[in-house]
Amino acid sequence: MFHSRLHSFSRLTISLTLAAGLATLAGGAKAQDKRQNAPGEFDFYVLSLSWSPSFCEEAAERGGRSQIQCSGRPYAFVVHGLWPQYENGFPEYCQRPAPRLNRSIVSSMLDLMPAPGLIFNEWDKHGTCSGLADRGYFETIRKARAAIKIPAEYLDLSQAKTVAPAEVEEAFIKANPGLSNAAVSITCNRTRLSEVRICLSKDLQFRACEETDRRACRRDQVTMPPIRGG
């Protein structure tokens with residue numbers, strides 16, 4: 001009887017210890033940053049430029065595609081988003097429900113972000129964390145994109161190209177004076193180049209971002225599918 005009670009007590013102690021540990025982990029995740037999800041309270045932006053041909057090939061493999069982005073005029077790098085970041089972690093969905101996005105703003109952004117669904121999602125998830133009204137946020141996206149020069153070799157890619165992520169990074173650095181390796185990273189999905197992510201201060205100057213770089217593509221080589229015809 002004594003051993004049975006001791007065994008039950010031990011199991012209870014272990015269960016409570018595990019529960020406490022999980023609660024601590026959960027609390028730690030929520031306490032990622034003391035400003036977590038407070039609109040306008042962040043350290044810098046990440047401008048994410050998606051290689052549209054990779055997105056379209058992956059969408060086709062999944063059995064669906066964005067009609068505007070993948071069946072319209074040819075797109076090379078398009079804006080995925082402008083994301084507020086902390087030095088460690090990032091905010092998201094800072095207002096629930098998000099303020100309604102004016103449809104005229106959506107129409108005005110289709111040249112940079114050629115999918116209405118993407119624009120709505122970026123506003124809900126990231127724009128609400130910027131501390132800016134909808135028009136101000138998307139004007140900031142336009143200014144950020146205008147500050148980046150796409151390397152000439154990626155403007156009209158008519159054939160698939162195999163590249164090293166470091167090669168793409170260096171091409172962007174060469175095309176953009178002041179941009180350094182510490183401020184840009186390349187992401188990939190399986191064998192394809194996915195995105196170029198550039199870190200910018202709140203006033204849209206290049207700045208280093210170690211955590212973003214840690215999430216970069218680690219493959220030696222990736223493929224850039226060619227730009228689709230119009």
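**Exercise 1. Which residue forms a disulfide with Cys 56, and how far apart are their sulfur atoms?**

Before solving, note that this is a predicted model, in which local features need pLDDT of at least 70 and side-chain atom pairs count only at pLDDT 80 or more, while totals for chains, interfaces and linings use all residues. Residues are numbered from 1 along each chain as its sequence is written, and side-chain values use heavy atoms, with hydrogens and water left out.

Solution. Start from the criterion: a disulfide is a pair of cysteine sulfur atoms within 2.5 Å. Cys 56 pairs with Cys 70, and their sulfur atoms lie 2.0 Å apart. Next, take the torsion about the S-S bond, which is about -90°, so this disulfide is left-handed. Then place the partners: Cys 56 belongs to helix H2 (residues 52-61) and Cys 70 to helix H3 (residues 67-71), so the bond ties together parts that are 14 residues apart in sequence. Helices (H or I, at least four residues) and strands (E, at least two) are here DSSP runs, numbered from the N terminus. Finally, both Cys 56 and Cys 70 are buried, where buried means under 20% relative accessible area, exposed over 50%, and partly exposed in between (1.4 Å probe, protein chains only).

**Exercise 2. Describe the link of Cys 188 and Cys 217, and place it in the pairing of the bonded cysteines.**

Solution. The sulfur atoms of Cys 188 and Cys 217 are joined at 2.1 Å, and with 85° about the S-S bond the link is right-handed. It connects distant parts of the chain, with Cys 188 in strand S4 (residues 184-189) and Cys 217 in the loop between helix H8 (210-214) and strand S6 (222-224), 29 residues apart. Cys 188, at 25% relative accessibility, counts as partly exposed, whereas Cys 217 is buried at 10%. For the overall pattern, a search of the whole structure finds 4 disulfides, and when the bonded cysteines are numbered in sequence order the pairing reads 1-2, 3-4, 5-8, 6-7.

**Exercise 3. Which salt bridges does Arg 192 form with Glu 57 and Glu 61?**

Solution. The rule requires a side-chain nitrogen of Lys or Arg within 4 Å of a carboxyl oxygen of Asp or Glu, and by it the count comes to 11 salt bridges. Glu 57 meets Arg 192 at 3.0 Å, N to O; Glu 57 lies in helix H2 and Arg 192 in strand S5, so this pair ties together parts that are 135 residues apart in sequence. For Glu 61 and Arg 192, the closest N and O atoms are 2.5 Å apart. As for accessibility, Arg 192 is buried, with a relative accessible area of 10%, while Glu 57 at 29% is partly exposed and Glu 61 at 48% is also partly exposed. Looking wider, Glu 57, Glu 58, Glu 61, Arg 190 and Arg 192 are linked in a network of salt bridges.

**Exercise 4. Where do the buried residues of helix H5 lie around its axis?**

Solution. In H5 (residues 116-125), Leu 118, Ile 119, Glu 122 and Trp 123 are buried. Viewed down the axis, the buried residues fall within an arc of 130°, so they line one face of the helix; the arc is taken from the directions from the helix axis to the C-beta atoms. An α-helix has 3.6 residues a turn, so residues three or four places apart point the same way. The cover over the buried residues of H5 includes S2, H4 and helix H6 (134-146), contact meaning heavy atoms within 4.5 Å.
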